[in-house]
Number of protein chains: 2
Amino acid sequence: MRIVVIGGGAAGIGAAGAAKGADPSAEVVVYTEDTDVAYSPCGIPFVHGKEIDSFERLFLATKEQYVATGIDVRYETAVEAINLSARTVTVAGEGEAAYDRLVIAAGWQYADPEVPGADLDGIYEVKYIRRAMEWDERLDSCKAAVIVEAGPVAMEMVSALVHRDIKVTVVDPAPWPMADVIDPDIVEPVRQSWEDHGVDMQWGNRVTAFTGDGTLSGVATEAGPVEADLAIIGTHKVANNPLAAAAGLKLGATGGLIVDSRMQTSDPNVYAAGDCTEIPHGVTNVPLQGLSGSHAYAQGKTAGTNAAGGTRHYRPVYVPWGMLAGEWMIGGVSFGETLATALGMKHVVGKAQGITRARYYPGVKPITVKLLAEPETLRLIGAQMVGGEGIKERADFLAMAVRVGITAEELATMENVYSPAIGALNEPISVAAQNLLAGLAGSQ
Amino acid sequence: MRIVVIGGGAAGIGAAGAAKGADPSAEVVVYTEDTDVAYSPCGIPFVHGKEIDSFERLFLATKEQYVATGIDVRYETAVEAINLSARTVTVAGEGEAAYDRLVIAAGWQYADPEVPGADLDGIYEVKYIRRAMEWDERLDSCKAAVIVEAGPVAMEMVSALVHRDIKVTVVDPAPWPMADVIDPDIVEPVRQSWEDHGVDMQWGNRVTAFTGDGTLSGVATEAGPVEADLAIIGTHKVANNPLAAAAGLKLGATGGLIVDSRMQTSDPNVYAAGDCTEIPHGVTNVPLQGLSGSHAYAQGKTAGTNAAGGTRHYRPVYVPWGMLAGEWMIGGVSFGETLATALGMKHVVGKAQGITRARYYPGVKPITVKLLAEPETLRLIGAQMVGGEGIKERADFLAMAVRVGITAEELATMENVYSPAIGALNEPISVAAQNLLAGLAGSQ
């Protein structure tokens, strides 16, 4: 059994490891265009921001360790074509390579801003570690950066650039940061903290060109020019599927590969995982593309297990998410009010402001929780949060609550740990649910 | 309508406020033997330990603020008897006081160690704020303390006394700290951190007398004498129900008042809330006495609402708990292996060691999660955790998981937030569930 994996990110490495686990006798080859595998690209903004002292710390394992596991990783090697009927891939510099099962984990790219000047020196897509190492040295001499749309990685880069004393201008056609995911009231403290740090935010504006003579000197926007010696691309993620499309594999509306619960594509010998796929949302059944590294890894394990003859299923997603933003943590599950309204989903809302420890305990932080429920059943359908700690754990909880159909009534009567150093008397999730129910009672 | 509340802790104050909320015209009188209400007794060990700089910070509201809410609080006033048929209470210095509805929120006391010498000066029950203020000054001159059984508050006092450079000896007949609640593998890091700080732990030993001439100079134990100028009582909580018992109200096996879901006692005009009650456990239906301040407050709101003619129900409990212990946070839900085994509950176990952020992110902490499930259904029945952060939020989640019947299979496939600064690629709850399932598969 020869299993070929295209891509060395979380999905590809997860798939390779799971395939070896399911069938230790399988020959597993991973092709990656990157110089490295087994590092955490998500850590890059924090090295730039100097929260983490070295890029070396982002590596999870050495190349030698992969050799020891029996996985054959071919670095800086592009796959140029997939031939489904011959069950081969065309590898740059190697020619045809046969597979019994193929796992496509080709990942994502930033959406092309589609404006002139994209070849100027000074435009940085935060993605690959060797490129990040080069850029990190260059940041010392950068004076002014423009953020071309404030996607999640770009939001983390805002903080990093502020920490590096680089003047930051955000140009984004949306009305507030990450407007497709987060509600304005929840992201307001982040916007405020950026403002306090001198970030120039141009919401509702759009970059129309990169300008400069060989090297970037600024951008043109609909509202006028912005001087900058650095442009960070923060456009949304698009599935990296030119190969799959050319091979005739079925893509969905998002551009992601359509897969079943076994992560099998439209070709029975081909599996896919990670950001190049699309996965149905558990509430709406709408396909989503561009989830987290944790999702990619779990999908990779599913794809690799099945490719090697095992059985593992992946489930629809409810998408807990969270991140640092400015001096805050933000996060949520599934839908906020903005997205639910845009999708025409009926919903009722409850919101609460609380605290994370006893009000007198050192390190206590504020936290705001907003819950959305389906009006008839009162089943939770989404959540939004901003605070100082405990966002990730609450998002994980609430994603499970949405999955299993927990109602606002259950959450309103939930028990919670109370101990001054680690939790407050009242849990804000519970208070938000109580407020949701009180709002319904009040409106009847 | 005249509502009398006995007790000014979280349950009594919760009841008084809820009664006023349900019926603003009601006359609400709270009798408390304490000098104050509306402070957080749970914060006392942390003021002793100097994490919190002043006892003043533990007060939630002033006495004047209570007057403004229309609640009549009578401080340092003992209720001496309850007459159910006359619907009166006998108040020290006041005589008979009539009620339409009575709420008993008389709280708890430390179990009497029942050894000679209990009247010596130098024995400290950590409970009341004015007494804590007096003791705090005295701690400066204390040299050596003995902990008489390591209940939760006493465990926090171990850390406080270590911070105050007082030599600590723990004498407890149990085999490890809080052995009725926590498993030895989970509490081992705490035991180790105490050992590192020079705490002398005498598990399986028992105090047989307090010794000294007027003032405490030590304790006698089954294993020999221990010198000490301070003894901290850390015995378990017992319900403070001599009044209720004398009045003929029905008490359960724990000594707690038996209440229905409306917190009504065996007398229809009498409600009860907090540590003087017993509440059924949601899985076993076994009555529990001595829960948290959060439980007491919620029960108080239920009792007060119903006493004032409203309707509110309290539900069986699953008891998420958590606390600081040594340099760790410990916590859990319902049962650990030790307690489940003692109760004869069949269970299967999965355990995982994980981390709370990306392994390279500053402030990352270890965390161990152990899950217990019912063998046939794989429904979660308990959890135990030890780690550096995120224990409270996970305990809240898992308590809801036990309540609604979430299975190990659901937890094994849960989604989780991955973002380097706030969460790791793999959620330890999920990995523990995966390990539980793998253990089952391996044993078949």
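## Helix 12 of chain A

Start with a quick ruler check: helix 12 of chain A (residues 428–442) has 15 residues, so at 1.5 Å a residue it should span 21 Å, and its end C-alpha atoms sit 20 Å apart, which agrees. Keep in mind that this is a predicted model.

Which residues of helix 12 of chain A are buried? They are A:Pro428, A:Ile429, A:Ser430, A:Val431, A:Ala432, A:Ala433, A:Asn435 and A:Leu436. The cover over these buried residues includes two strands of chain A, strand 24 (348–355) and strand 25 (366–373), along with helix 10 (391–404) and helix 11 (408–412) of chain A.

## How the two chains relate

Two copies of a chain are related by a rotation about an axis and a shift along it. Here, turning chain B by 180° with 0.0 Å of shift along the axis puts it on chain A, with an RMSD of 0.0 Å. That is the relation of a two-fold axis.

How many residues does each chain bring to the contact? Chain B gives 54 residues and chain A gives 54 residues. On the side of chain B that touches chain A, helix 8, strand 22 (320–325), strand 23 (328–334) and helix 10 (391–404) of chain B each put in at least two residues. Helix 10 of chain B has the largest share of that side, with 10 residues. Sorted by class, the side of chain B that touches chain A has 31 nonpolar, 13 polar and 10 charged residues. The copies meet through the same surface, because 100% of the interface residues of chain B are also interface residues in chain A.

## A lysine in helix 10

A:Lys392 is worth a click. This residue lies in helix 10 of chain A. Buried or exposed? A:Lys392 counts as buried, because it has 28 C-beta neighbours inside 10 Å, and the cut-off for buried is 20 or more.

Leaving out residues up to four places away in sequence, A:Lys392 touches A:Gly322 and A:Gly331 in chain A, plus B:Val417, B:Ile422 and B:Gly423 in chain B. A:Lys392 is also 8.0 Å from A:Pro320, C-alpha to C-alpha, though 72 residues separate the two in sequence.

## Helix 1 against helix 8

Two packed helices are described by the angle between their axes and the distance between the axes. In chain A, helix 1 (residues 10–22) packs on helix 8 (residues 293–307) at about 35°, with the axes 6 Å apart. The crossing of helix 1 of chain A with helix 8 of chain A is right-handed. From helix 1 of chain A, the contact residues include A:Ala10, A:Ala11, A:Gly12, A:Gly14 and A:Gly17; from helix 8 of chain A, they include A:Gly293, A:Tyr297, A:Gln299, A:Lys301 and A:Thr305. The contact of helix 1 of chain A with helix 8 of chain A breaks down into 12 nonpolar, eight polar and one charged residues.

In chain B, helix 1 (residues 10–22) and helix 8 (residues 293–307) also pack at an angle of about 35°, their axes 6 Å apart. Helix 1 of chain B passes helix 8 of chain B in a right-handed crossing. Among the residues making this contact are B:Ile13, B:Ala15 and B:Ala18 of helix 1 of chain B, and B:Ala296, B:Gly300 and B:Gly304 of helix 8 of chain B.

## Helix 6 of chain B

Helix 6 of chain B (residues 184–196) has 13 residues and reaches 18 Å from its first C-alpha to its last, close to the 18 Å expected at 1.5 Å a residue. Its buried residues are B:Ile186, B:Val187, B:Val190 and B:Trp194. The cover over them includes helix 5, strand 12 (200–203), strand 22, strand 23, strand 25 (366–373) and strand 26 (380–387) of chain B. After helix 6 of chain B comes B:Gly198, with a positive phi near 80°.

## Two positive phi values outside glycine

Most residues other than glycine have a negative phi. B:Asp165 is not a glycine, yet has a positive phi of about 60°. B:Asp165 sits in the loop between helix 5 (152–163) and strand 11 (167–172) of chain B. With 10 C-beta neighbours inside 10 Å, B:Asp165 counts as exposed.

B:Ser334 has a positive phi too, near 50°. B:Ser334 belongs to strand 23 of chain B, and is buried, with 27 other C-beta atoms within 10 Å.

Notes:
Residues are numbered from 1 along each chain as its sequence is written. Chains are lettered from A and ligands numbered from 1 in the order in which they are written. This is a predicted model: local features need pLDDT of at least 70, side-chain atom pairs count only at pLDDT 80 or more; totals for chains, interfaces and linings use all residues. Axes are lines fitted to C-alpha atoms, for helices over the stretch in contact, and angles run from 0 to 180 degrees between N-to-C directions. Helices (H or I, at least four residues) and strands (E, at least two) are DSSP runs, numbered from the N terminus. A crossing is left-handed if the near helix is turned anticlockwise from the far one by less than a right angle, and right-handed if clockwise. Two residues are in contact if their C-beta atoms, placed from the backbone, lie within 7 Å. Copies are superposed by least squares on the C-alpha atoms of residues with pLDDT of at least 70 in both. Ala, Val, Leu, Ile, Met, Phe, Trp, Tyr, Cys and Pro count as nonpolar, Asp, Glu, Lys and Arg as charged, and the others, Gly among them, as polar. The expected span of a helix is 1.5 Å times one less than its number of residues. A residue is buried if 20 or more other C-beta atoms lie within 10 Å of its own, exposed if 12 or fewer, and partly exposed in between; C-beta atoms are placed from the backbone.
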